[in-house]
Amino acid sequence: MLTQKERELLGKILSKQKLQGLTPKQAEEVAQQAKVSLKAVEYFALEKGYLPRRYHCNIGTLGVCGQRKLLEKKVIISGLGGLGGYVLEQLGRVGVGRIVGVDPDVFEETNLNRQLLAEEGNLGNKKIDEAEKRLGKINRAVEFVGSATPIDKLPQEVFGGANVVFDCLDNVADRMRLAKRCSTEDVPLVHGAVAGWYGQVAVVCPGSGLLEKIYQHHGRSIEQDLGTPPFTATVAAGLMVAAGVQILIGNSFAKEMKMLFFDLSENEWETIAFK
Amino acid sequence: MKMARQANRNWLSLVSHRLTKVIRMVLEVRLFATLRDGRFKRKAMSLPAASCLGDLLKSLKITEKEFGILLVNGRSASPEYTLAPHDVVSIFPSLGGG
């Protein structure tokens, strides 16, 4: 991430400041002085024991090593709606280094009930543009690339190098296309879907065919009748990000063919195994 | 001789067919999400022996459009799957929203 010269310069600047923990403002100043990216400063600071204060409440859970790993990683969020908005928010705050957001749509009134990035004042704006703005407000160390190209046609230079892909789409046909691309590219896919009080989350290992099994008999999806209330999308997004972070920091990579199904009206959580 | 054997076989298949209608098995059926509406959450159901999952769906009036995931004893199965006594069947609808 940094040349030897940049490392020496950064080391000098950081040691001069006698920092206890690096605030976002200090990180910005250091980045400007050394002419390197904000992410490079945070990455280097973690190595040298100057903990960026923005990650203070992550460290007990992720560790310095896990936090550095997250900064090295690249993820793709396919769909920036009900699930995708919250997934983006959490991945940005937790400190994943590079995020690609893919969505061809603009915000409309029916998004306001649940989509974090939808605001009364930004209806009609592109979702990828609002995603970039949001990340700019919460964590500028994260690099963001937005794309309105359908996921199966996303150029290799944008898709390539992704460590995890998040399926935050809203229809089965697109989900299938995404799963196929992830399988071809050998990238784990974190799947999430919601309808009414109900939701499901699964880690799809490349080549496992898990998503095809989940939607093997799919007829009419029940969100067409029940809609998508905000609480269900938020719960599913949290579960998806937790599963994704587990993969990114190299903890247990659940290779089992399992899916979690939850019912928030009855507080029921079912783990479903597929053969 | 051949004819007698054939007749015997026909008779046997007739008896076994009748028997499967008479002999019944008990299963545990668990329904999820919207499939519970007008039905139940969990119920012990009696079905003719050697019924398949599709027969159970028919008796519950769950159409092909309504179900998404079918499980027998926690493992995914298709409507052609032949059920056995004491199987636990779970039926989920399809979710796709985001």
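Where in chain A is the place of Glu108(A)? The legends below start there and then move on to other close-ups of this predicted model.

**View 1. A patch of negative charge on the surface includes Glu108(A).** Glu108(A) sits in the loop that runs between strand 4 (98-102) and helix 6 (127-138) of chain A. Its companions in the patch are Asp105(A), Glu109(A) and Asp170(A). With a relative accessibility of 42%, Glu108(A) counts as partly exposed.

**View 2. Asp167(A) is a buried residue of a strand.** Look for Asp167(A) in strand 6, which covers residues 164-167 of chain A. Its relative accessibility is 0%, so Asp167(A) counts as buried. A polar atom of the Asp167(A) side chain lies 3.2 Å from the backbone nitrogen of Leu169(A).

**View 3. Ala195(A) is buried in strand 7.** This strand spans residues 189-195 of chain A. The relative accessible area of Ala195(A) is 0%, which is why the residue is classed as buried. If you bring Asn122(A) into the frame, the C-alpha atoms of the two residues are 25 Å apart, with their positions 73 residues apart along the chain.

**View 4. Lys39(A) and Glu143(A) form a salt bridge.** Their closest N and O atoms are 3.2 Å apart. The pair links distant parts of the chain, 104 residues apart: Lys39(A) belongs to helix 3 (residues 38-48) and Glu143(A) to strand 5 (residues 143-147) of chain A. Here a buried partner, Lys39(A), with a relative accessible area of 7%, meets a partly exposed one, Glu143(A), at 38%.

**View 5. Arg68(A) and Glu47(A) are joined by a salt bridge.** The closest N and O atoms of this pair are 3.1 Å apart. Arg68(A) lies in helix 4 (residues 56-72) and Glu47(A) in helix 3 of chain A, so the bridge ties together parts that are 21 residues apart in sequence. Glu47(A) has a relative accessible area of 33% and is partly exposed.

**View 6. Glu89(A) and Arg134(A) meet in a salt bridge.** The N to O distance is 2.8 Å. Glu89(A) is found in helix 5 (residues 82-94) and Arg134(A) in helix 6 of chain A, so you are looking at a link between distant parts of the chain, 45 residues apart. Glu89(A) counts as buried at 9% relative accessibility, while Arg134(A), at 25%, counts as partly exposed.

**View 7. Salt bridges that share partners build one network.** Its members are Asp263(A), Glu266(A) and Glu268(A), along with Arg36(B) and Lys41(B). Over all chains, the structure holds 19 salt bridges.

Key. Residues are numbered from 1 along each chain as its sequence is written. Chains are lettered from A and ligands numbered from 1 in the order in which they are written. This is a predicted model: local features need pLDDT of at least 70, side-chain atom pairs count only at pLDDT 80 or more; totals for chains, interfaces and linings use all residues. Side-chain values use heavy atoms; hydrogens and water are left out. Patches are made of residues with over 30% relative accessible area and no salt bridge: like charges are joined within 9 Å, nonpolar side chains (Val, Leu, Ile, Met, Phe, Trp, Tyr) within 5 Å. Accessible areas come from the Shrake-Rupley method with a 1.4 Å probe; for residues, only the protein chains shown count as cover. A salt bridge is a side-chain nitrogen of Lys or Arg within 4 Å of a carboxyl oxygen of Asp or Glu. Lys and Arg count as positive and Asp and Glu as negative; His and the chain ends are not counted. The place of a charge is taken as NZ of Lys, CZ of Arg, CG of Asp or CD of Glu. Helices (H or I, at least four residues) and strands (E, at least two) are DSSP runs, numbered from the N terminus. Buried means under 20% relative accessible area, exposed over 50%, partly exposed in between (1.4 Å probe, protein chains only). A polar contact is a pair of N or O atoms within 3.5 Å; within protein, one must be able to donate a hydrogen and the other to accept it, and residues adjacent in sequence count only if both atoms are side-chain atoms.
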